[in-house]
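Subject: Structure handover

Hi there,

Here is the structure I promised to pass on to you. Please open it alongside this email, and then read on for what turned up.

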Amino acid sequence: KGLFTYDPGFVSTAACESKITYIDGEKGILLHGGYPIEQLAEHSDYLETCYLLLNGELPNAEEKEKFVSIVKNHTMVHEQMSHFFNGFRRDAHPMAIMVACVGALSAFYHDSLDINDAHHREVCAFRLIAKMPTLAAMCYKYSIGQPFMYPRNELGYAENFLHMMFGTPCEEYKPSPVLAKAMDRIFLLHADHEQNASTSTVRLAGSSGANPFACISSGIAALWGPAHGGANEAVLTMLEEIGDEANIPEFIERAKDPEDPFRLMGFGHRVYRNFDPRAKVMKATCDQVLAELGVEDEPLLKIAKRLEQIALEDEYFVERKLYPNVDFYSGIILKAIGIPTSMFTVIFALSRTIGWISHWNEFHSSPNRIGRPRQLYTGPQKRDYPA
Ligand code: CMC
């Protein structure tokens, strides 16, 4: 006490400066490089937003083409990686496999691990952005016993991911432009969110000089929890458990009961005390996707909309300023695209990789020192070992 500030949960401590993302939680504003998330979702695409997060500016046409072409150059993973998968049970959670595989990438790329070399850092960023969809799709293919699909570089980033997820050597998978766009938008909306738990984990791991693949692996592990990225999976499980609009009040009461650990998943946010701007775009995208597929009356969407309406009118949620967050509607879109629930958080990790690597790169691009939080010791005073 006295020497430092006690701030459990980092509610009021800024641990770094950053130029990447701005959030005003009271007003529900999210900007990347100064650009509002709603405008990026409308006019940009995921890879262009990746460029923005990494470089601080939007690319011109030539820069974008070059960026996309370098990403495509790195989409394959080393063939040895496929053997790595065989060590896992088929029913392993794909996030467990991702933590392991992404960390293991550092064993393959000794040529670019000098974190003080800006070019090496950039190559690592390209490798990670390019390989995450390949590894993610491999997790799914492994779980269902189908052969891994190689990336197809003539496809767009989201289309290629869907091809590796749902294509087979016997049959090509061609998503409709609306579905490919929705997938790309989900990637874009999750791309960065300043110093959340996983990004702070990556920055802290990076501050020791650890290699970028190991740092991103630590970010994936931090993201997995249900209070963070695991919420998208938890939302869908919750909606399925609710099962019928008639059961909503019972779940609302459980969420309000201080004795019950149950929380309304997809609701609340540490920073937003207003609508999460990403949730609004996500809700509109959800409507578009379900209309495209002709399943507007999807029962889970109905439950989600009614649940949102009831919660937003309930005193408990109003008083605490608990609004739907980015994950409230993303799961319904992913389910409609055909993505299994266990892959939802993997998709969050794939999308957030650019945020993690941009923050890691920003950390190493400026004067820095190792992160070392302090603590308040509450254990026993000095005492003698019993003779
Ligand atoms: N359902 C019911 N009550 C809630 C919820 C919820 N989802 N979220 C917060 N509360 C209550 C909480 O019990 C507390 O009440 P009280 O003041 O009476 O003790 C009050 O609201 C403040 O909550 P808190 O736990 O202090 O808030 P936090 O900032 O520490 O936690 C959160 C933020 C996101 C972890 C939390 O809102 C939560 O667990 N939400 C559900 C999980 C979720 O959707 N997570 C995804 C976050 S967005 C994606 C991402 O970026 O990771």
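Below are notes on two helices, the ligand shell and a few single residues.

Before anything else, please keep in mind that this is a predicted model.

Let me start with helix α17, residues 344-365. Its 22 residues should span 32 Å at 1.5 Å a residue, and the end C-alpha atoms are indeed 32 Å apart, which agrees. Along the way, α17 bends by about 40 degrees at Arg352. Of the 22 residues in α17, 19 are buried, so the rest of the structure largely encloses this helix.

Helix α14, residues 299-313, makes a nice companion. With 15 residues at 1.5 Å each, α14 should span 21 Å, and the distance between its end C-alpha atoms, 21 Å, agrees. Which residues of α14 are buried? They are Leu301, Ile303, Ala304, Leu307, Glu308 and Ala311. Viewed down the axis of α14, these buried residues fall within an arc of 160 degrees, so they line one face of the helix. The face turned away from that buried side carries Gln309 and Glu313, both exposed. As for what covers the buried residues of α14, the list includes α11 (231-242), α12 (248-256), α13 (277-292), α15 (315-319) and α16 (327-337).

You will probably want to look at the ligand next. There are 20 residues around the ligand, and those that come nearest are Ala231, Arg263, Gly268, Arg270 and Asn325. By character, the shell divides into eight nonpolar, eight polar and four charged residues.

Now for the backbone. Most residues other than glycine have a negative phi. Glu194, which is not a glycine, has a positive phi of about 40 degrees. Glu194 sits in the loop between α8 (177-189) and α9 (197-207), and is partly exposed, with 17 other C-beta atoms within 10 Å. Lys321 is another non-glycine residue with a positive phi, in this case about 55 degrees. You will find Lys321 in the loop between α15 and α16, where it counts as partly exposed because it has 13 C-beta neighbours inside 10 Å.

One last residue: is Ala118 buried or exposed? Ala118 belongs to helix α6, residues 118-144. With 12 other C-beta atoms within 10 Å, Ala118 is exposed, since the cut-off for exposed is 12 or fewer. Ala118 and Asn86 are 32 residues apart along the chain, and their C-alpha atoms are separated by 35 Å.

Happy browsing, and best wishes!

Note on methods:
Residues are numbered from 1 along each chain as its sequence is written. This is a predicted model: local features need pLDDT of at least 70, side-chain atom pairs count only at pLDDT 80 or more; totals for chains, interfaces and linings use all residues. Helices (H or I, at least four residues) and strands (E, at least two) are DSSP runs, numbered from the N terminus. The expected span of a helix is 1.5 Å times one less than its number of residues. The bend at a residue is the angle between axes fitted to the seven residues ending there and the seven starting there. A residue is buried if 20 or more other C-beta atoms lie within 10 Å of its own, exposed if 12 or fewer, and partly exposed in between; C-beta atoms are placed from the backbone. The arc is that of the directions from the helix axis to the C-beta atoms. Two residues are in contact if their C-beta atoms, placed from the backbone, lie within 7 Å. A residue is near a molecule or strand if its C-beta atom, placed from the backbone, lies within 6 Å of it. Ala, Val, Leu, Ile, Met, Phe, Trp, Tyr, Cys and Pro count as nonpolar, Asp, Glu, Lys and Arg as charged, and the others, Gly among them, as polar.
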